[in-house]
Amino acid sequence: MALILVRYGEVAIKGPGTRSMMEGLLMHNVLSGLRSIGVDARIARSQGRLFVEVPDDKVKGGINVISRVFGVKSLSPVKAYVFKDINDIVGVAVNEWRDLVRGRRFAVRVHRVGSHNFTSLDVAKAVGAALKPFSAGVDLERPDIELFIEVRNDKAYLFTEVINGPGGLPLGSEGRLLALISGGFDSPVAAWFMMKRGSYVDALFCSLAYPIDVINFLRVSHELFNRWSIGYDPRLFIVDCSSLINEFRAKANPRMWSVLFKRILYEVASRVAKSIGALGLVTGESLGQVSSQTLHNLMAIEYGIDLPIYRPLIGLDKDDIVDYAKKIGTYGESMRTEEFCALFSERPRTKVSIDELNNELRKLDQGLINNLLNSVVTLRASSAVKVIDELMLGTGDLEIDHVPDNAVIIDLRSRDEYETWHYPGALNVNIDKLVNTVESLGRNKTYVLYCSRGLSSRWGALELRRLGFRAFSIDINRLRGSP
């Protein structure tokens, strides 16, 4: 068996009762993560440290998992030796490291816990002096290699590597939250921050373009929760929000669609959160990033929501958020996520008052929220990959890389975008009028749709296929390279 030393920071300064609880959670989460990759491990705690025993051939996998457990500050694969005096420590250090320091400048770092007749500095000096003849010399400022010794009671732990963990608090130590996750960059990062602070996080997604946007959401959720929700399998709540498209277009002020959408989403999420005992909502909003995230609009959106709304990204720039997405591993999938533009106007209001928003709400079907809640589908994050595979079965040939002969090309972008550039001969059609337009053109044609990012065109093509039309989606960048 190999040994991994695990350090935790903030947990160690808690009061005795809280510390014991958090240490127990941390141990549970570490073991749970190791079991998930088939590693049978043993774990023990000792004065601010955990010692995890794993099979020799599982060290790399064990380190990979433990380095993603919230509450872990850092970890190191170590070798443990029982000693009687300082000379024993010097002897094992020389045997362990004399070949490693050959031709290199080194430094010895020592940490000591317990009662001994020597200090940490005594150990560092003695080991350094014994290793110096084998090396290019000691350099405490800029060594080629650092050698670490942790002395704890009658054992010395030797290691050369310190791997950073995420820090924070053990997952589950601070209750439960419900995150509104869209699949873009911001909301997964916001959920990660609250997980780092010890909260179990479940996720809610509002689907406007099933199944395309659901696939995107599940891909991002898998990357987030599979990597970081170690010790808990989050619930994913998927709401069918497609009815909002026609409802908004028929009854609401277009300049307020995005704010109205957020308000309804908050209402639905707050009710789902209460049903699962969540203590608040988490959103990826950053102040001023888009029109719905101004101070005025945020105040109007959250009015009447009787749960706390946590916005851990509120003061971050977009570049900061993207950097975090890269760090936590959701960047790649978030890059693939497109915005469904059917509910977002070209000239959105940035200062919507509470009264104005309430007036817009009153225009809508009063049973709307209940209808949305009745559409909720719940699954566990661990089943995301299986569900993605099932949803992908019907979309395999949807994307094409060239325009077939005699195809009708449909541009789903705004009129301004269309007039700036469009594929020669393309028709500019609003997505809510797509079906009527195609029906008027006839069923004996091939239809090829494109939009700004791809989501609207893929969804539109699927809708047409369900009605019996021959329809495809094509990336606008392929068309821009065409004559």
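## Ser74 and its surroundings

Ser74 has its place in strand S4, which spans residues 74–82, and it should be kept in mind throughout that the structure described here is a predicted model. With a relative accessible area of 6%, Ser74 counts as buried, because that value falls under the 20% limit used for this class.

When neighbours within four places in sequence are left aside, the residues in contact with Ser74 are Leu5, Val6, Arg7, Val162, Ile163, Asn164 and Gly165. Among these contacts, Leu5, Val6 and Arg7 also appear in the description of strand S1 (residues 2–7), which is taken up next.

## Strand S1 and its two partners

Strand S1, made up of residues 2–7, is mostly covered, with six of its six residues buried. Ala2, Ile4 and Val6 point one way from S1, whereas Leu3, Leu5 and Arg7 point the other way, and the residues of both sets are buried. As general background, the strands of a sheet pair through backbone hydrogen bonds, in either a parallel or an antiparallel arrangement.

S1 runs antiparallel to strand S3 (residues 49–54), to which it is joined by six bridges; within this pairing, Val6 stands opposite Leu50, and Ile4 stands opposite Val52. S1 also pairs with S4, again in the antiparallel sense and over five bridges, and here Leu5 has Ser76 of S4 as its bridge partner.

## Strand S3 and the hairpin with S2

S3 is likewise mostly covered, five of its six residues being buried. Besides its pairing with S1, S3 pairs with strand S2 (residues 42–45) in the antiparallel sense over four bridges, and in this pair Arg42 stands opposite Glu53 of S3.

S2 and S3 together form a hairpin in which three residues lie between the two strands, and Gln47, which sits in the turn, has a positive phi of about 50 degrees.

## The contact between helices H5 and H6

The axes of helix H5 (residues 186–196) and helix H6 (residues 212–228) come within 11 Å of each other and cross at roughly 20 degrees. Because angles under 35 degrees are counted as roughly parallel, H5 and H6 are described as roughly parallel to each other, and their crossing is right-handed.

On the H5 side the contact is made by Pro188, Ala191, Trp192 and Met195, and on the H6 side by Val220, Leu224, Phe225 and Trp228. Divided by class, the residues of this contact comprise eight nonpolar, no polar and no charged.

## A parallel sheet and helix H17

Further along the chain, an open sheet of five strands has the order S16-S20-S19-S17-S18, with parallel pairing. Strand S16 (399–400) and strand S18 (427–428) stand at the edges of this sheet and have a single partner strand each, so that one side of each is left without a neighbour in the sheet. The pairing of S18 is with strand S17 (residues 408–411), the two running parallel and being joined by two bridges; in this pair, Asp411 has Asn428 of S18 as its bridge partner.

Helix H17 (residues 455–466) lies across S16, strand S19 (446–450) and strand S20 (470–474), and it runs at about 170 degrees to S20.

Technical notes. Residues numbered from 1 in each chain as written. Predicted model: local features only at pLDDT ≥ 70, side-chain atom pairs only at ≥ 80, totals over all residues. Heavy atoms only, no water. Axes fitted to C-alpha atoms, helices over the stretch in contact; angles between N-to-C directions. Parallel < 35°, antiparallel > 145°, perpendicular 65-115°, else oblique. Left-handed = near helix turned anticlockwise from the far one by under 90°. Contact = heavy atoms within 4.5 Å. Nonpolar A, V, L, I, M, F, W, Y, C, P; charged D, E, K, R; others polar. Pairing = 2+ DSSP bridges. Buried < 20%, exposed > 50% of the residue type's maximum accessible area, 1.4 Å probe, protein only.
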